[in-house]
Amino acid sequence: MHRNFLITIFFIILASCSSDNNQVSRLSELVKPSFNLSTGIIDCKLKSDNSLIDLESFLSRISISKLIDLDANNNISVLFPDGSDYVDSFLIQVSLNSSKEVNSIYTKFIDAGLDNIANCRQDFKSRNLSVIFNSLDQVNSSDYVITEVLNCSYNESYNFGTFLIAIDRLIQQINFFNPNYRIDYIDVNDSDNFIWINRFEKSYYEDVLPEIWVQNINDSKEIQDEFRENATCEASKKYKEFNIG
């Protein structure tokens, strides 16, 4: 993040000294994500004769340490749709150091018995992940974070470099309010598609974040408009995310 931030500042300064929008566009293309993890998301729906209790029992039975090599960077979490009275679907996100490990995790979950309680999409594969910003406090396994997932594609003439400028402006605004927040950027493929994930501590999301938007409504609108100029995103999906390893 620090390196990308410095590069971003560099071409912002150049842009301010030049009226050539094409030059700014070319400079922004030089900024690339610093991918430091591999990730995969397993998309599942409980079978009709199973419930969340069965999923909880399954997760408590399996040994995460046998599925992955545990270290500070490796993580497995379960995400449940937020705001629904009845929940029968969930995601399992795996973030590891190695893409090879990520690609093998689906089979490991199936071998452990996941397919006995849920039907999961089989198009699982490893993707590159960059943690753009992270000030999120460590969350106890019994608690959860609020997670927003957006599937996006860049608009014409926009790219990661221009998107990062909007992210930096967002971070500068919320930094005055002790942010408890994390931003993940996932490269979907070699085209202009990406996944943008925001994670928030609960009370920060529910109490602090709305106040930031209200107190800085003009700046907030400008940042939101800038994001819309950069990319077209599906409506965000909100989840309760529990860390399991």
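Start by selecting Asp184 and Arg182: their side chains are joined by a polar contact of 2.7 Å. Bear in mind as you look around that this is a predicted model.

**Stop 1: around Asp184**

Stay with Asp184, which sits in strand β7. Is Asp184 buried or exposed? Its relative accessibility is 1%, and buried means under 20%, so Asp184 counts as buried. Now show its surroundings. Setting aside neighbours within four places in sequence, Asp184 is in contact with Leu129, Ser130 and Val131, and also with Ile195, Trp196, Ile197 and Arg199.

**Stop 2: the largest nonpolar core**

Keep Trp196 on screen and add Phe163 and Ile167. Of the 29 residues in the largest nonpolar core, these three, Phe163, Ile167 and Trp196, touch the most other members. To see where the core comes from, colour these elements, each of which supplies at least two of its residues:

- strands β5 (127-134), β6 (145-154), β7 (181-187) and β8 (193-200)
- helices α6 (160-174), α7 (202-215) and α8 (217-230)

Which element gives the largest share of this core? That is α6, with eight residues.

Next, centre the view on Ile167. Not counting residues up to four places away in sequence, Ile167 touches Ile132, Ile183, Trp196 and Phe227.

**Stop 3: a second core**

Now move to Leu46, Ile64, Ile92 and Leu96. They are among the members of a second, separate core, which has 25 residues.

**Stop 4: strand β3 and its partners**

Ile92 is a handy way into the next selection, strand β3, residues 89-96. How many of the eight residues of β3 are buried? Seven are, which leaves this strand mostly covered.

Add strand β1, residues 37-46, and you will find it paired with β3 in the antiparallel sense over eight bridges. For one of these pairings, pick Lys45, whose bridge partner in β3 is Ser89. Then bring in strand β2, residues 75-81: five bridges join β2 to β3, and these two strands also run antiparallel. Here, select Val78, which stands opposite Ile92 of β3. While you have the strands displayed, recall that in a regular strand the side chains alternate between the two faces of the sheet.

**Stop 5: out to a loop**

Finish at Phe176, in the loop between α6 and β7. Phe176 has a relative accessible area of 72%, and exposed means over 50%, so this residue counts as exposed. For a last distance check, pick the C-alpha atoms of Phe176 and Ile212: the two residues are 36 residues apart along the chain, and those atoms are separated by 9.3 Å.

Note on methods
Residues numbered from 1 in each chain as written. Predicted model: local features only at pLDDT ≥ 70, side-chain atom pairs only at ≥ 80, totals over all residues. Heavy atoms only, no water. Core = buried A, V, L, I, M, F, W, Y, C linked by side-chain atoms within 4.5 Å. Buried < 20%, exposed > 50% of the residue type's maximum accessible area, 1.4 Å probe, protein only. Helix = DSSP H or I, 4+ residues; strand = E, 2+ residues; numbered from the N terminus. Contact = heavy atoms within 4.5 Å. Pairing = 2+ DSSP bridges. Polar contact = N/O pair within 3.5 Å; in protein donor to acceptor, adjacent residues only side chain to side chain.
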